[in-house]
Amino acid sequence: MANLDKYLTIDDLMKAARRRVPKMFFDYADSGSYTEQTYRENTSDFSKIKLRQRVAVNLENRNLATTMLGHPVSIPVAIAPVGSTGMQSANGEIKAARAAEKFGIPFTLSTMSICSIEQVAEGTTKPFWFQLYVMKDRKFIERLIDRAKAAKCSVLVLTMDLQILGQRHKDIRNGLRAPPPITPKFLFELATKPAWALGMLQSKSYTFGNIHGHVSDGMDLASLAKWTGTQFDLTLNWKDIAWIKDRFGGPVVVKGILDPEDAQLAIDHGADGIIVSNHGGRQLDGAPSSIRVLPEIVDAVGHKTEVLMDSGIRSGQDVLKALALGAKGTFVGRAMNYGLGAGGEEGVLRALNIITKEIDTTMALMGERDVRNVGLKNIYSNDLLKRQGY
């Protein structure tokens, strides 16, 4: 493995991952739906927030640790659920979970992971979080929740914004599939990415581990893909939070909130927290960036529940800007994927170290010693803020 210390930014890791990972899988992690407007604005809107520099402040004994949903974290960051992570690097979900465990932050496993719940539990020593898509086959979903509970998953992240799949042009053009179709084009690409290909020989799974073998006996990969594509539940509603929470028996956090009314409805129906997220710009193209709507959602429900934020975090500065606008913690998905593609478990650790260094240095230059004290006082009024006077 190459020396990862040479990568100084998440963008550096992204470029390295692009060189190492087959195009269809890199593009899956690095794309949005339709025109990708929301995908782009998730990151560009962060640049409109200006940090307030303070000097001549005692900066000794700085603290980056806090809590997310009552769980101690070394930095206010968790790893977001990302589908097909195991196609960025062999056993990618296990590698990312181990990196998160070493770093002292939560790892969230996607329903659409390559490694199964049980494989990740076997490969780690601490509880992780599990993200749930609700499908029409409720018996399967009940079993899936039970499996997460048996694996001692400590938080269930209920994604509400994927009742129907936003069209991602790159995935269609690339013929995305897990496992990939063995075509002359793909074989030629493998010849240019031998490290990835050799690593994949060690993979514990080559398709969706939480689904394959758990839906019905004798289901082949073609029928599995067809089943999955037609299973997202169009009738999903707020009342579903109750039976999911009762079945799981632990905290349930609702992900995919972009509107204050939806935030209130989630709380009214029992959500233990919300994640402001537009699915990384992969669902409703033309929706606002997560950071743009964060302040009004915090205003509406931040005094009632914990508001977390996802979509667009690429640096420690982004983390601090989200905290300044009221988030209690953030999630990184693509930053994790880039690290994983660039260098496996060590690459994920490198991504987390980059973000941590940026949080620490930037917070100090803002004149703060404790990340828990970051707030509106640390940024200037800007076009993302409806509130004035800062």
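**Strands, helices and two cysteines**

Student: How many bridges join strand β6 (residues 156-159) to β7?
Tutor: Helices (H or I, at least four residues) and strands (E, at least two) are DSSP runs, numbered from the N terminus. Two strands count as a pair if DSSP finds at least two bridges between them. β6 and β7 run parallel, and the number of bridges joining them is 4.

Student: And what kind of model is this?
Tutor: Residues are numbered from 1 along each chain as its sequence is written, and side-chain values use heavy atoms, with hydrogens and water left out. Local features need pLDDT of at least 70, side-chain atom pairs count only at pLDDT 80 or more, and totals for chains, interfaces and linings use all residues, as the model is predicted.

Student: Back to the pairing, then. In β7, which residue is the bridge partner of V157?
Tutor: Let's take the next residue of β6 as a warm-up: L158 has V254 as its bridge partner in β7. For V157, the partner in β7 is V253.

Student: β7 also pairs with strand β8 (residues 273-276); over how many bridges?
Tutor: Look at two of the contacts: V254 has I274 as its partner in β8, and K255 has I275. The pairing of β7 and β8 is parallel, and the bridge count is 4.

Student: Which helix joins β7 and β8 in a β-α-β unit?
Tutor: A crossover is right-handed if, with the strands pointing away from you, the path from the first strand over the helix to the second runs clockwise. There's a right-handed unit with β5, helix α6 (residues 138-150) and β6. The unit with β7 and β8 is right-handed too, and its helix is α12 (residues 260-268).

Student: What is the order of the strands in the open sheet?
Tutor: In general, strands of a sheet pair through backbone hydrogen bonds, either parallel or antiparallel. This open sheet has 8 strands with parallel pairing, in the order β3-β10-β9-β8-β7-β6-β5-β4.

Student: How many of the 6 residues of β7 are buried?
Tutor: Buried means under 20% relative accessible area, exposed over 50%, and partly exposed in between (1.4 Å probe, protein chains only). Over in β6, both faces are covered, with L156 and L158 buried on one side and V157 and T159 on the other. Strand β7 (residues 252-257) is largely enclosed by the rest of the structure, because its count of buried residues is 6 of the 6.

Student: Is L8 buried or exposed?
Tutor: L8 lies in the segment before α1 (10-20). Its relative accessible area is 58%, so L8 is exposed.

Student: Why is C115 not bonded to C153?
Tutor: A disulfide is a pair of cysteine sulfur atoms within 2.5 Å, and a search of the whole structure finds 0 of them. C115 is buried at 0% relative accessible area, and C153 is buried at 7%. The closest cysteine sulfur to that of C115 is in C153, and it's too far for a bond because the distance is 14 Å.

Student: At what angle do helix α4 (residues 92-103) and helix α15 (residues 334-365) pack?
Tutor: Axes are lines fitted to C-alpha atoms, for helices over the stretch in contact, and angles run from 0 to 180 degrees between N-to-C directions. For α4 and α15 the axes are 10 Å apart, and the angle is about 20 degrees.
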